[in-house]
Structure formats: C-alpha cells, structure tokens
Amino acid sequence: MKKPNIQAVRANFENFSFLKGKKEKEVEKKEITIKDFILELKDKIMANDYLINYEEAVRLAEIPNEDEDTLSILFEAADKIREKFCGNYFDLCTIINAKSGKCSENCKYCAQSAHFKTNAEIYGLVSKELALCEAQKNEREGAHRFSLVTSGRGLNGNEKN
Ligand code: SF4
C-alpha cells in the first residue's frame, strides 16, 4: 500500500470548513481577550488605584500599531483614567535657559556641551532682574511654576550670589 503524503493530508484537513471555523473562532477569541484585558485593567485602576505590573505593561506595549481597533480601546481607557485622576486641569510649568552653552561636561545628547560643534547659543548667567522679568511674564501668561536651568555641573563662585 502506498504511504500517504503527510503534507497533502494536512493541507486537506486545513481546508475542511469546520476546522476553518475553529481557526476563525480562535482569532476572534484572541481579539476579545486583549480587549477584555484592557477593559478589566481600566476597571481595576479606576476602582482601586491599582498600579499595573510589568507583564501587564508589556502586554499593552505589544499591541501592534496597525491594530487600530484595539489601540482606540486602549486610548479611550487611558483617557477615562486620566479624567478620573487628573481631571481637565493643566499644571503649567515653564523654564528658561539661564546660562547657555560652553559646558565642560560631555553628555552625548546635549547641544550645549563644549565637546561638540553645535550652533547652541552661548551666554553667561542671566541677571536676577531678567530672571524675575521672565518669571512675571510667564505668570501673566498662566504658568503656575517657573524654573531656571543652567548649563554646567553647577554655578560658579560669583554666580551663586
Ligand atoms: S551638564 Fe547639562 S549642559 Fe552640560 S552637557 Fe550635560 S546636559 Fe548639557
């Protein structure tokens, strides 16, 4: 008797409609699972201030960019959580660069490091008057907090006064 060709048998089986239906159901089940997962997670967070764990975060991050349906459920859930815990209030915070460029440090990402040729502006510490004027201007424009950032590891002797 001739031995059956296993690949041909498998291909035939995959064409059976009852198996196709089963496969479609499996795909559907998988979709429902991730959507249910998002909704259950949202409910847990909203009910108990639950903090998601690493595995849950990874599962959310693995949702493919092309899966727009699932992503819109995720974004909607995130928006509900944002609304519950933060409301619609914005805390405006502004900064000015109070001393720019010529920095002795070598942070690879920074255009103000003297180790790289960039077009970053170079100027010394701004005066107290200018800093105050900027703070007041930002306050008038609605900022609730105002900070000064400076290039370098810290302020030098005279700059601390
Ligand atoms: S210390 Fe600050 S200013 Fe200097 S290179 Fe690093 S990030 Fe830039």
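Colleague: Which residues are around the ligand?

Modeller: This is a predicted model, in which local features need pLDDT of at least 70 and side-chain atom pairs count only at pLDDT 80 or more, while totals for chains, interfaces and linings use all residues. Residues are numbered from 1 along each chain as its sequence is written. Taking as near any residue whose C-beta atom, placed from the backbone, lies within 6 Å of the molecule, one finds around the ligand Cys 103, Glu 105, Cys 107, Cys 110, Gln 112, Ser 113, Ser 151 and Gly 152.

Colleague: How many residues of the shell around the ligand are charged?

Modeller: Asp, Glu, Lys and Arg count as charged, Ala, Val, Leu, Ile, Met, Phe, Trp, Tyr, Cys and Pro as nonpolar, and the others, Gly among them, as polar. On that division the shell holds three nonpolar residues and four polar ones, and the number charged is one.

Colleague: How far apart are the end C-alpha atoms of helix 4?

Modeller: Helices here are DSSP runs (H or I, at least four residues), numbered from the N terminus. Helix 4 (residues 68-86) has 19 residues, and the expected span, 1.5 Å times one less than that number, is 27 Å. The model agrees with this, since the end C-alpha atoms lie at a separation of 26 Å.

Colleague: How many residues of helix 5 are buried?

Modeller: A residue is buried if 20 or more other C-beta atoms, placed from the backbone, lie within 10 Å of its own, exposed if 12 or fewer, and partly exposed in between. Helix 5 lies largely in the open, because among its 13 residues the number buried is zero.

Methods. Helices (H or I, at least four residues) and strands (E, at least two) are DSSP runs, numbered from the N terminus.
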